[in-house]
Amino acid sequence: MPHATPLIATIVAGLTLAFIFGAVANRFRLPPLVGYLMAGVAVGPFTPGYVADQSIANELAEIGVILLMFGVGLHFSVRDLMAVRKIAIPGAIVQIAVAVMMGMGLATLMGWTLGGGFVFGLALSVASTVVLLRALQERHILDTNRGRIAVSV
């Protein structure tokens, strides 16, 4: 008698589609991250075809975010931050403020509370760091002065 294996099916479908869509994005000279996002949309509940187990997919997404943030932490250096602090700290404050304001504005348009918009804006500011880090790695400028400033922000 076959076993129901939604965890394995979700992981296999996600990784397979991430590989395919990542390769297609790369072929069109787009960052693979764009392909990975499209793979997530493809297995989501709002597209036809295979739909991943939502509870498992949500948990795997949380693990993915944790791993991405871990990757940011691996590249963070207090020594690098101190070397560029006169640029990085004001830049970080402005970047976070702008992301929070944008999040709150978008949340207001969607009928959310201001508190929800504030949290959404903070999430945007963190997510932009992860995307920036991946872009810097792909362009091999992570270890330059500009890359250190960007990561420190």
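Trainee: Which helix does Ala99 lie in?

Mentor: Ala99 lies in helix H5, residues 85–109. Keep in mind as we go that this is a predicted model.

Trainee: Why is Ala99 called buried?

Mentor: Set the value against the cut-off. Buried means under 20% relative accessible area, and Ala99 comes in at 9%, so it counts as buried.

Trainee: What is Ala99 in contact with, leaving aside its neighbours within four places in sequence?

Mentor: Gly121, Leu124 and Ser125. Take Ser125, which is found in helix H6. Going the other way, Ser125 has contacts with Gln95, Ile96 and Ala99, again without its neighbours within four places in sequence.

Trainee: What makes Ser125 buried or exposed?

Mentor: The cut-off for buried is under 20%. Ser125 has a relative accessible area of 7%, so buried is the right word.

Trainee: How far apart are Ala99 and Phe46 in space, C-alpha to C-alpha?

Mentor: They are 27 Å apart in space, with their positions 53 residues apart in sequence. Now set that beside another pair: Ala52 and Pro6 are 46 residues apart in sequence, and their C-alpha atoms are 7.9 Å apart.

Trainee: Where is the place of Ala52?

Mentor: In the loop between H2 and helix H3, the latter spanning 54–75. Ala52 has a relative accessible area of 6%, which is under the 20% limit, so this loop residue is called buried.

Trainee: What does Ala52 touch, not counting residues up to four places away in sequence?

Mentor: Thr10, Val43 and Ala57. Thr10 sits in helix H1, and its own contacts, with neighbours within four places in sequence left aside, are Tyr50, Ala52, Asp53, Ile56, Ala57 and Leu60.

Trainee: How do you know whether Thr10 is buried or exposed?

Mentor: Same reasoning as before. Thr10 has a relative accessible area of 7%, and buried means under 20%, so Thr10 is buried.

Trainee: What makes the pair of Pro6 and Thr10 a polar contact?

Mentor: The backbone oxygen of Pro6 lies 2.7 Å from a polar atom of the Thr10 side chain. The limit for a polar contact is 3.5 Å, so the distance falls within it.

Trainee: Let's go to the surface. Which residues form the nonpolar patch?

Mentor: Phe19, Ile20, Val24, Phe28, Leu30, Val34 and Met38, with about 690 Å² of accessible area together. The elements that give two or more residues to the patch are helix H1 (6–27) and helix H2 (32–42). H1 gives the most, with three residues.

Trainee: Why is Val34 called partly exposed?

Mentor: Val34, whose place is in helix H2, has a relative accessible area of 34%. Buried is under 20% and exposed is over 50%, so a value of 34% lands in between and Val34 is partly exposed. Patch members need over 30%, so Val34 passes that cut-off as well.

Trainee: What makes Arg29 exposed?

Mentor: Arg29 has a relative accessible area of 79%, and exposed means over 50%, so the label fits. The place of Arg29 is in the loop between H1 and H2.

Trainee: What is noted about phi of Arg29?

Mentor: Phi of Arg29 is near 60 degrees, a positive value in a residue other than glycine. Most residues other than glycine have a negative phi, so a positive one gets flagged. His140 is flagged too, with phi near 55 degrees. His140 lies in the loop between helix H6 (114–138) and H7. With a relative accessible area of 72%, over the 50% cut-off, His140 is therefore exposed.

Trainee: How do you know where confidence is lowest and where it is highest?

Mentor: Look at the mean pLDDT: helix H7 (residues 145–152) is lowest at 77, and H1 is highest at 90. The protein averages 83, and 97% of the residues score at least 70.

Trainee: And the whole thing: how many helices and strands does the protein have?

Mentor: Seven helices and zero strands. Buried residues make up 22% of the 153 residues. The protein exposes about 10700 Å², with carbon and sulfur atoms supplying 73% of that. The C-alpha atoms fill a box of roughly 65 × 40 × 30 Å along the principal axes.

Key
Residues numbered from 1 in each chain as written. Predicted model: local features only at pLDDT ≥ 70, side-chain atom pairs only at ≥ 80, totals over all residues. Heavy atoms only, no water. Patch = residues over 30% accessible without salt bridge, like charges linked within 9 Å, V, L, I, M, F, W, Y side chains within 5 Å. Areas by Shrake-Rupley, 256 points an atom, 1.4 Å probe, with all protein chains shown as cover. Salt bridge = Lys/Arg side-chain N within 4 Å of Asp/Glu carboxyl O. Helix = DSSP H or I, 4+ residues; strand = E, 2+ residues; numbered from the N terminus. Buried < 20%, exposed > 50% of the residue type's maximum accessible area, 1.4 Å probe, protein only. pLDDT = per-residue confidence, 0-100. Polar contact = N/O pair within 3.5 Å; in protein donor to acceptor, adjacent residues only side chain to side chain. Contact = heavy atoms within 4.5 Å.
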